[in-house]
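Please look at the sequence and the 3D structure shown here, and keep them in view while reading this report.

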Amino acid sequence: MKFFIDTADVAEIKEVNAMGLLDGVTTNPSLVAKTGRKFKDVLLEICDIVKGPVSAEVTSTDYAGMLKEAHEFAALRTNIVIKVPLIPEGLKVVKTLTGEGIKTNVTLCFSPTQALLAAKAGATYISPFVGRIDDIADAGMDLVAKICKIYRNYGYTTEVLVASVRGPMHVVEAAELGAHVVTCPFGVLKQLTQHPLTDIGLAKFLKDWEKVPK
Ligand code: E4P
């Protein structure tokens, strides 16, 4: 399973990249707004650090506007993936970009039928938002299970990119279901490295080491 980080914070990206964990990056307008920086500057800096796919989201909602933004992003670096909202105009954009050989990540997916349409349009990635579904007392991972099954049934090559991840169990369940990618906030990636028995074990080893004659 590939690990992406869901952030526009360059310091977070550098730290996770140094651990050898990073296969790619997803950003969105809310994450970029938190940085207080210009999107293009952030995007270029991220692409200098990460060679894998870096998702850049369009903010227009009409076909021509989205396509214009997509072409501008795609011209910046070859590893930029165009993030497009799952709306009818967005599917048209995905079809056009796919025909041009430009990779896409279809975002804000909340149903199996939406995921099916994105695959038919030729999306490179589909992003089901599991945490936001959990937030409204439904089961986000059930959506991932359905998408994985549907894609397998018909041999779609669109990769399932589990998004809106809230904690380690989303990662475990995504891996069990065979999702291709999970994109995690920095905090969740850190949580994945932690176990209380590791800390207790390390503390004991270090204490015992003090008794060893040097
Ligand atoms: C996905 O690509 C989105 O950037 C992200 O996962 C949304 O997560 P949120 O629901 O925590 O905002």
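The report below describes the surroundings of the ligand and then turns to one residue beside it.

This is a predicted model, in which local features need pLDDT of at least 70 and side-chain atom pairs count only at pLDDT 80 or more, while totals for chains, interfaces and linings use all residues. Residues are numbered from 1 along each chain as its sequence is written, and side-chain values use heavy atoms, with hydrogens and water left out.

Around the ligand, with a heavy atom within 4 Å of it, are D6, T26, N28, K83, F129, R132, A163, S164 and R166. Sorted by class, this shell holds two nonpolar, three polar and four charged residues, where Asp, Glu, Lys and Arg count as charged, Ala, Val, Leu, Ile, Met, Phe, Trp, Tyr, Cys and Pro as nonpolar, and the others, Gly among them, as polar.

The table lists polar contacts, that is, pairs of N or O atoms within 3.5 Å.

| Side chain | Ligand atom | Distance |
|---|---|---|
| R132 | oxygen | 2.7 Å |
| S164 | oxygen | 2.7 Å |
| R166 | oxygen | 2.7 Å |

Taken alone, the ligand exposes 350 Å², and the protein buries 86% of that area, as computed by the Shrake-Rupley method with a 1.4 Å probe.

N28, one of the residues around the ligand, belongs to the loop that runs between β2 (24–26) and α2 (29–35), helices being DSSP runs (H or I) of at least four residues and strands (E) of at least two, numbered from the N terminus. N28 counts as buried because its relative accessibility is 14%, and buried means under 20% relative accessible area (1.4 Å probe, protein chains only). A polar atom in the side chain of N28 lies 2.9 Å from the backbone nitrogen of S30.

Definitions and conventions
Polar contact = N/O pair within 3.5 Å; in protein donor to acceptor, adjacent residues only side chain to side chain. Buried < 20%, exposed > 50% of the residue type's maximum accessible area, 1.4 Å probe, protein only.
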